[in-house]
Amino acid sequence: MNLEVFVLGTGGMMPLPGRGLTSVLVRREGELFLFDCGEGTQIGLRRLNLRWKKITAIFISHTHADHVTGLPGILMLSSQVDRDEPLYIYGPPKIREFVDAMRRTLDMYINYEIVVREIEGKCLVLDAEEYGIRSFPLQHTKQCLAYCIEEKKRPGVFFPEKALALGVPRGPLWSRLQGGETVGLPDGSMVAPAQIMGEERKGRKFCFVTDTIAASGLAGFVRGADLLICEGMFADELAETAAEKKHLTAAQAARIAREAGVKEMGLIHYSPRYSERELKKLVQEAREIFPASFLTRDLQHIEMPFED
Ligand SMILES: [Zn+2]
Ligand SMILES: [Zn+2]
């Protein structure tokens, strides 16, 4: 089962030639989840040639222009898409007002339903059969949310030889056992799934955190993530500016990643003051604290395989 991340843009504040605004698309089994949608997000989607017109849900961190002004374009381009399911847009308060005003003033005719859900703070935003999507309140100059996609545990590995040794014949009883059912055999004995299967396996966890200071509880929210995409807007020498504007430095992001024990952390939402070459400084500072840090790049494709 594929879980893939496509980095559509990595910049903060304004798009630059060669650096789009922070936006990440996650694809899981044909479902597409878009995290933030600044001006020009559709360029990244187009360049990656994704079947993005079927986006399942859009998650907005906050209503600052660099995170939402791509929405009109995305909705306009996909307005005539043939789809039965609604498009969900999640975000903090004001997101509904923004979407409604834009549809009204731009006279947008969209031939499917758009459902806007406003979220405040910590929520289970979406509870699907195989995964959940949660939000967490960040600390920025306005209400802002982090999100994570967390897969539920998967059943353990099935050992056919154990089943045969216990006298369970190949066939429907095997699938019932794999489905978690205890089954009875013709000789009257009972066999439980735990006797023929390994332990439950961990699902994967992806987190998207941008525009915040090191909010309390944030490390707990991203704990154990396989991939944390986290704002690292400034180098250490601008820590004061970062605090004033309520943003994270790369080193602060690394401290969160270390405390949370994540597997890998990709920096994002770079200040436009840094050229591509100068971004090295950010990742160097992060790696001193958390070695598995990297710079996300526009159009980067990251696969998230299962651990086992
Ligand atoms: Zn921003
Ligand atoms: Zn912001």
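In this predicted model, the zinc ion (ligand 1) is held by four residues: Asp66 through OD, His67 through NE2, Asp211 through OD and His269 through NE2, at 2.1 to 2.3 Å. The angles among these four donor atoms span 86 to 160 degrees, and the site is classed as irregular. For orientation, four tetrahedral donors would ideally give 109.5 degrees. Along the chain, the donors of the zinc ion (ligand 1) follow the spacing D-H-x143-D-x57-H. Asp211 sits in the loop between strand 12 and helix 8, while His269 sits in the loop between strand 14 and helix 11, so this pair ties together parts that are 58 residues apart in sequence. Asp211 and His269 are both buried.

A second metal joins the picture. The zinc ion (ligand 2) is coordinated by His62 (NE2), His64 (ND1), His140 (NE2) and Asp211 (OD), at 2.2 to 2.3 Å. Its four donor atoms make angles of 82 to 167 degrees, and this site is irregular too. In sequence, the donor residues of the zinc ion (ligand 2) are spaced H-x1-H-x75-H-x70-D. The two zinc ions lie 3.6 Å apart, and Asp211 coordinates both. His62 and Asp211 link distant parts of the chain: His62 lies in the loop between strand 4 (55-59) and helix 2 (65-68), and Asp211 in the loop between strand 12 (205-209) and helix 8 (218-222), 149 residues apart. Like Asp211, His62 is buried.

Here are the two sites set out together:

| Metal | Donors | Distances | Angles |
|---|---|---|---|
| zinc ion (ligand 1) | Asp66 (OD), His67 (NE2), Asp211 (OD), His269 (NE2) | 2.1 to 2.3 Å | 86 to 160 degrees |
| zinc ion (ligand 2) | His62 (NE2), His64 (ND1), His140 (NE2), Asp211 (OD) | 2.2 to 2.3 Å | 82 to 167 degrees |

From the metals we can turn to strand 14 (residues 265-268), which is covered on both faces. Met265 and Leu267 are buried on one side, and Gly266 and Ile268 are buried on the other. That arrangement fits a general pattern: in a regular strand the side chains alternate between the two faces of the sheet. Strand 14 runs parallel to strand 13 (residues 227-231), and four bridges join the two. Within that pairing, Ile229 has Gly266 as its bridge partner. Strand 14 also pairs with strand 15 (residues 293-295), again in the parallel sense, over three bridges. Here Leu267 stands opposite Leu295. To get from strand 14 to strand 15, the chain passes through helix 11 (residues 279-289), and this β-α-β crossover is right-handed.

Elsewhere, seven strands form an open sheet with mixed pairing, in the order 6-5-4-3-2-1-16. Strand 6 (114-118) and strand 16 (301-303) are its edges, each pairing on one side only. On average, and with direction ignored, neighbouring strands of this sheet are turned by 20 degrees against each other. Inside the sheet, strand 2 (residues 23-28) and strand 3 (residues 31-35) run antiparallel and are joined by five bridges. Val26 finds its bridge partner there in Phe33 of strand 3.

Another antiparallel pair is formed by strand 7 (residues 123-127) and strand 8 (residues 131-137), over four bridges. These two strands make a hairpin with three residues between them. Cys123 has Ser135 of strand 8 as its bridge partner. Asp127 also belongs to strand 7, and with a relative accessible area of 53% it is exposed, because the cut-off for that label is over 50%. Asp127 and Glu150 are 23 residues apart in sequence, and their C-alpha atoms are 9.9 Å apart in space.

Finally, the cysteines. How many disulfides does a search of the whole structure find? The count is zero. Why do Cys148 and Cys207 form no bond? The sulfur of Cys207 is the closest cysteine sulfur to that of Cys148, yet at 4.7 Å it is too far for a bond, because a disulfide needs the two sulfur atoms within 2.5 Å. From the side of Cys207, the nearest cysteine sulfur is likewise that of Cys148. Both residues are buried: Cys148 has a relative accessible area of 1%, and Cys207 has 0%.

Technical notes
Residues are numbered from 1 along each chain as its sequence is written. Chains are lettered from A and ligands numbered from 1 in the order in which they are written. This is a predicted model: local features need pLDDT of at least 70, side-chain atom pairs count only at pLDDT 80 or more; totals for chains, interfaces and linings use all residues. Side-chain values use heavy atoms; hydrogens and water are left out. Two strands pair if DSSP finds at least two bridges between them. Buried means under 20% relative accessible area, exposed over 50%, partly exposed in between (1.4 Å probe, protein chains only). A crossover is right-handed if, with the strands pointing away from the viewer, the path from the first strand over the helix to the second runs clockwise. Donors are N, O and S atoms within 2.8 Å of the metal (3.2 Å for Na, K and Ca); water is not among the atoms, so sites may look incomplete. Four donors count as tetrahedral if all angles lie between 85 and 135 degrees; four count as square planar and six as octahedral if opposite donors are over 155 degrees apart and all others between 65 and 115; anything else is irregular. Axes are lines fitted to C-alpha atoms, for helices over the stretch in contact, and angles run from 0 to 180 degrees between N-to-C directions.
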